[in-house]
Every structure is written in structure tokens, then in C-alpha cells.
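This report introduces selected features of one structure to a reader who has not met it before. The topics are a pocket and two sheets.

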Amino acid sequence: MKNGLDEIQKIIDNIAMTKKHVIALVDCDSFFVSCEQKVNPELKNKPVCVMSGRGQCVISRSKEAKALGVRMGMPYFQIEGKMKEATYINASHDLYGEISKEVMSVLKRFSPKVEIYSIDEAFVDLTGLERLYKKNYLEIAQMIRQTIRDEVDIPVSIGLSSSKSLAKLASDKAKTNGEGVFLIGSRKIIPVLENTGIDEIWGIGRNISAMLRKNGILTAYELVKQSDIWLNKQIGIHGLEMKHELLGEMVSPVSDEVKLPKSIQKTSAMAKFTSDKEYIKNSLNYHIHRACVKLRKINAKCHGIGIMLRTKDFKVYYDKRMLNQATSFELEISDIIFEMLDELYNPEILYRSTGVILDTFVHNSEAQLSLFADNEIETKKDKLSKCFDKLEEKFGKNIIQTGFITKDV
């Protein structure tokens, strides 16, 4: 056993000697709750839960709510009346998006390489910044953490290591070590891997986890002991990358390139079960507007447009169209959505929720006009869309209503 440990440690030491990188994962603590506590300081140090959609289930909890026994994903009907001391707040994703931008802006002041991984997480390449800040990497991480706390009023945990996978594990440790910062150096890698279950490894899903367990692999350390040939056969290139990342090799560097999402989905339950077609159109219009605003914010257009209708009995109807000419113009998208609605709609059915899905994106700079496209009309659509966005920035959301949006949708 000791020989095996020695061999793995030699590999780790060789990687550390030849490829010296330091990556931080900055992870906002209970982000949605922290945002609500930022705008309403009276909620600090109290049990608070942020609820999805129309208060359907818990999607973020304060540590005080966790202590009460509130679990992530818990539906409201299970906790209603049982945990009256907690405060329950419907999610406000626009607010969370704006505060996320503030956090990311602070990170970009510290390093030129920041990869935004999600609304509340980012990888930061700190390599070589010791000379600039005249501090060691732990001190730099503590400085970043304190700056975000002081300027944005959001608590964060920061994990440091030589690869993204290890930085992710380190950030989990940082949440529980009482200091908010944790470094996994080359001599800490094996002890950490020995105490990390397979399910805790970033990128391992349910199917891979089941396969590894079936083969007697229960910890991250047992994973890295497997040969490259075996991992490649069982998992493919992803398994090899995972192993080398866990050994401290930076397989995936931090990239500040903005990647387009796979899709934008805007869905929600309606205020009432209904078969009223105009009411359903109203709900869809609201989703179309929100999806298009997000699409334009990432400077992209879509080829794919989908509609979703869910009935009172939870049956789902779905349709999708693919466009030759990519667009981000909501009046054009609404025409297509309503054509699909005409085909799906049944006046005898009660509907409970609607949704709009946009996908197959291209950057604006890469969007090609089709052979028969009218360049002048497309330019006018882009200008009108920009006017919508500027008016909303100046006067507030939903100042421009492309349909007949009402608050009870």
C-alpha cells in the first residue's frame, strides 16, 4: 500500500515541479440568500430560504435555515407551518444577475484571467501574481474575499490549487474550515483524495458513479490509482482528464472567452389553471421578452425556437422550429411561437404553465444573412431591439410591452 502511495506522490511532485499553476475557485456562499440579505440587512443571521418560481421549492438556504433542517429542493408544502421562524422569499433572478456582475467585476480587477462558471462561481488564474501583490497565494485569496465582502457585501469561499478539479474540492473545504479559504498543495492532494467520495468529484454524474462503485472505486484516490488505459476504456477522454486534474495537472486552463450557453429557457406556472388562449399568449409573451433580453445581453442570435405547454395533469406538449436566419427580435420570435401555439392548443384542456426555449446560438458577429434576407430589414430589427433594451435600462424592466403583459402571469 505504501509503495502505491509513494508512486502516486512521485507523479504529483513531478507535475508540481514542471507545471506551476495556481487556480482559485471563488464560490459565493448561499448566493441567492446572500443577495436577499444584502438588500434587506434585517435578514442577516436569520433562517432564510429562497424559493423557486411561485414558491414551489427551496433553491437556496442560509446556514441558520440549514440548522433547522431545511433541505435543498424541499417543497414548500412540506415545510409550511413546521418551520415558522424561517423567512421564505420568491426568487428574484434579475437581482441575482446584477449582484453577480458586481462580484465578477471585483475578480477581474485582481486577475486578467477570470472564467465565469456560473452565476455564483468563477475560476481565477492567480499564477505569478505573488510578485505583483507581494503576498503569497493564500493572502491574495483572503484579500479577494475581503474586498468582495467590503464592496459587494457578499460572502464567498475560495479554494486554491493547481487545477480546476482540485480548486473545486478546495472551495468545498473552505466552506467548512471556518476561514473561508483553503489551499490544496502538492502534499495535501493524497489526503484530500482519500477523504473525497466519488460523488463529490466535479464532473462525475450518476451513471459514471454507479459504474465506478460497481468496480469497487469509492474514493477519488482509488480513481487516480487506475491506469489510463482502464479509464479511457470505461469513461473515455473525460476519465483521463479527470484523473490528471485530480493529480494536480491543469488540463483545462482558465479561459476568459465568453461561451454561449446551450439554451435559454424561460418557464413558469401561471397564476391559475386556464384554457383561455389569450391568457396563455400573455404568459408566453412575457417569457419571449425575458429570453430575448438575455439573448441580446450575450450578443447572440438563435436559430432554434421552442414552445412548452404543461397541462393541469402535468402532461407536456412541446414543439420546435429551426430558422435559416438567426434572430434575437422578439416580435419575429413571438410570431413563430404563436404559430406553434395554434397547432398545440386545445380549448378543452386546462393548462398550468408555459415555457419558451431558444437554442442553437451564434454570436452576432458570426450571424450570416441568408441568400434571400433583406439586409435593410434585418438592420432595422437590430436597431429596434437595441432601443427596447436602452429604454428598459433607463426606465426599468417591462417599460416596453410587445404584447399585453400583466402582472398576474
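## The second largest pocket

In this predicted model, 36 residues line the second largest pocket, and those that lie nearest its centre are Cys28, Asp29, Ser30, Ser34 and Pro155. The space within this pocket amounts to about 930 Å³.

Several elements give two or more residues to the lining of the second largest pocket: the strands β1 (23–28), β3 (58–61) and β7 (156–161), together with the helices α2 (31–39), α3 (63–68), α7 (137–152) and α8 (164–174). Of the elements, α2 gives the most to this lining, contributing five residues. Sorted by class, the lining of the second largest pocket comprises 16 charged, eleven polar and nine nonpolar residues.

## The three-stranded sheet

An open sheet is formed by three strands, arranged in the order β3-β2-β4, and its pairing is mixed. The edges are occupied by β3 and β4 (87–90); each has a single partner strand, so one side of each is left without a neighbour in the sheet. On average, neighbouring strands of this sheet are turned by 30° against each other, with direction ignored.

Strand β3 belongs both to this sheet and to the elements that give two or more residues to the lining of the second largest pocket. Within the sheet, strand β2 (residues 48–51) runs parallel to β4, and four bridges join the two strands. As to individual residues, valine 48 has threonine 87 in β4 as its bridge partner.

## The four-stranded sheet

Four strands make up another open sheet, whose order is β9-β12-β10-β11 and whose pairing is antiparallel. Its edge strands are β9 (263–274) and β11 (316–327), each of which pairs on one side only. From one strand to the next, the twist of this sheet averages 15°.

Which strand is joined to β10 (residues 300–311) by eight bridges? That strand is β11, and β10 and β11 run antiparallel. The bridge partner of isoleucine 307 is aspartate 319, which is located in β11.

## A helix across the four-stranded sheet

Helix α14 (residues 277–297) lies across four strands, namely β9, β10, β11 and β12 (351–363). These are the strands that form the open sheet with the order β9-β12-β10-β11. Relative to β9, helix α14 runs at about 160°; β9 itself is one of the edge strands of that sheet.

How values were computed:
Residues are numbered from 1 along each chain as its sequence is written. This is a predicted model: local features need pLDDT of at least 70, side-chain atom pairs count only at pLDDT 80 or more; totals for chains, interfaces and linings use all residues. Side-chain values use heavy atoms; hydrogens and water are left out. On a 1 Å grid over the protein atoms alone, a cavity is a set of points where a 1.4 Å probe fits but cannot get out, and a pocket is an open set with protein on both sides within 12 Å along at least five of seven lines; lining residues have an atom within 4 Å of a point. Grid points are joined across faces, edges and corners, and a volume is the space filled by probe spheres set on the points. Ala, Val, Leu, Ile, Met, Phe, Trp, Tyr, Cys and Pro count as nonpolar, Asp, Glu, Lys and Arg as charged, and the others, Gly among them, as polar. Two strands pair if DSSP finds at least two bridges between them. Axes are lines fitted to C-alpha atoms, for helices over the stretch in contact, and angles run from 0 to 180 degrees between N-to-C directions. Contact means heavy atoms within 4.5 Å.
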